[in-house]
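Dear colleague,

I am handing over the structure we talked about, and below it you will find what I found when going through it. Please keep it open beside this message while you read.

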Amino acid sequence: MYQITLATSNKHKVDEINLIAKDYDVEFVLPVGEFDPVEDSDNFIGNAYCKAKCASLNASTDYVLADDSGLCVQALKGAPGIYSARYAKSADERIKKLLFNMKDKKDRNAEFVCAMVVVNKKGEILFKTEQTCEGSIMYEPKGKGGFGYDPIFFVKSENKGMAELTDLEKSKISHRAKALNCVLNWLKENK
Ligand code: IMP
């Protein structure tokens, strides 16, 4: 099994990414030692690179993968975007704030975006990609699965709320799944 460091301190994210990659001979592992990146870019790729470079400093693996994702809402000019995690204090409050800001909006179009960057131990970028999952903002939360903004995101391709999908269903259609599949295809040729 080929190991790759995933630049995150979130064990849930490692599990989600390993589920998407389950048919490949690769295992994503948490960084060793301190991992405290400063994300100071104004875009997803830039912030993913900040995380990747930070984790590459102590990396025990040849490659480091980092991702950065968020929800972009058309009627809110792309907000919360790169600020998705910081839009309000808790997940519940973030959903309430978004629904409040959307209360008079007819255009409900939105997309989840996921950027992924692969670097080597020197922190040099080897591969990058940005993928989306298209949908719209619902009028109220629905479903019990997923995390973050999933309860209010209607997935166009599935005709269902993101939180109504099982983890396995989400792992086939999500923005993260699409980005990771690009990375896995690149790895097949380059590891
Ligand atoms: P991160 O960059 O992957 O940590 O994501 C930043 C924030 O975007 C998360 O804290 C969530 O609020 C939101 N987000 C990213 N991906 C998803 C998803 O698949 N479902 C729901 N919310 C997400």
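The residues of the shell around the ligand divide by character into 4 nonpolar, 5 polar and 6 charged, and please bear in mind from the start that all of this comes from a predicted model. In total, 15 residues surround the ligand, and the closest of them are Lys13, Ser69, Asp150, Lys170 and Arg176.

Three contacts with the ligand are worth finding on your screen, one after another. At lysine 170, an N or O atom in the side chain is 2.9 Å from an oxygen atom of the ligand. At histidine 175, an N or O atom in the side chain is 3.2 Å from a nitrogen atom of the ligand, while at tyrosine 149 a backbone N or O atom lies 3.2 Å from a nitrogen atom of the ligand. How much of the ligand does the protein bury? The ligand taken alone exposes 480 Å², and 87% of that is buried by the protein.

If you would like to trace the shell back to the fold, look at strand E3 (63-73) and helix H5 (175-190), which are the elements that give two or more residues to the shell around the ligand. The largest share, 3 residues, comes from E3.

The next topic is the pocket. The space that the ligand takes is the largest pocket, and about 660 Å³ of space lies in this pocket. The largest pocket is lined by 29 residues, of which Lys13, Ser69, Ala85, Phe147 and Arg176 are the closest to its centre. Helix H1 (11-20), E3 and H5 are the elements that give two or more residues to this lining, and E3 provides the largest share of the lining, with 4 residues. Sorted by character, the residues of the lining divide into 10 nonpolar, 9 polar and 10 charged.

Finally, there are two details of the backbone that I would ask you to look at with some care. Which form does the peptide bond from alanine 79 to proline 80 take? This peptide bond is cis, with omega near -5°, and proline 80 has its place in the loop between E3 and helix H3 (91-101). Lysine 77 is also found in the loop between E3 and H3, and phi of lysine 77 is near 55°, which is a positive value in a residue other than glycine.

With best wishes

Methods
Residues are numbered from 1 along each chain as its sequence is written. This is a predicted model: local features need pLDDT of at least 70, side-chain atom pairs count only at pLDDT 80 or more; totals for chains, interfaces and linings use all residues. Side-chain values use heavy atoms; hydrogens and water are left out. A residue is near a molecule or strand if one of its heavy atoms lies within 4 Å of it. A polar contact is a pair of N or O atoms within 3.5 Å; within protein, one must be able to donate a hydrogen and the other to accept it, and residues adjacent in sequence count only if both atoms are side-chain atoms. Accessible areas come from the Shrake-Rupley method with a 1.4 Å probe; for residues, only the protein chains shown count as cover. On a 1 Å grid over the protein atoms alone, a cavity is a set of points where a 1.4 Å probe fits but cannot get out, and a pocket is an open set with protein on both sides within 12 Å along at least five of seven lines; lining residues have an atom within 4 Å of a point. A molecule sits in a cavity or pocket if more than half of its atoms lie within 2 Å of its grid points. Ala, Val, Leu, Ile, Met, Phe, Trp, Tyr, Cys and Pro count as nonpolar, Asp, Glu, Lys and Arg as charged, and the others, Gly among them, as polar. Grid points are joined across faces, edges and corners, and a volume is the space filled by probe spheres set on the points.
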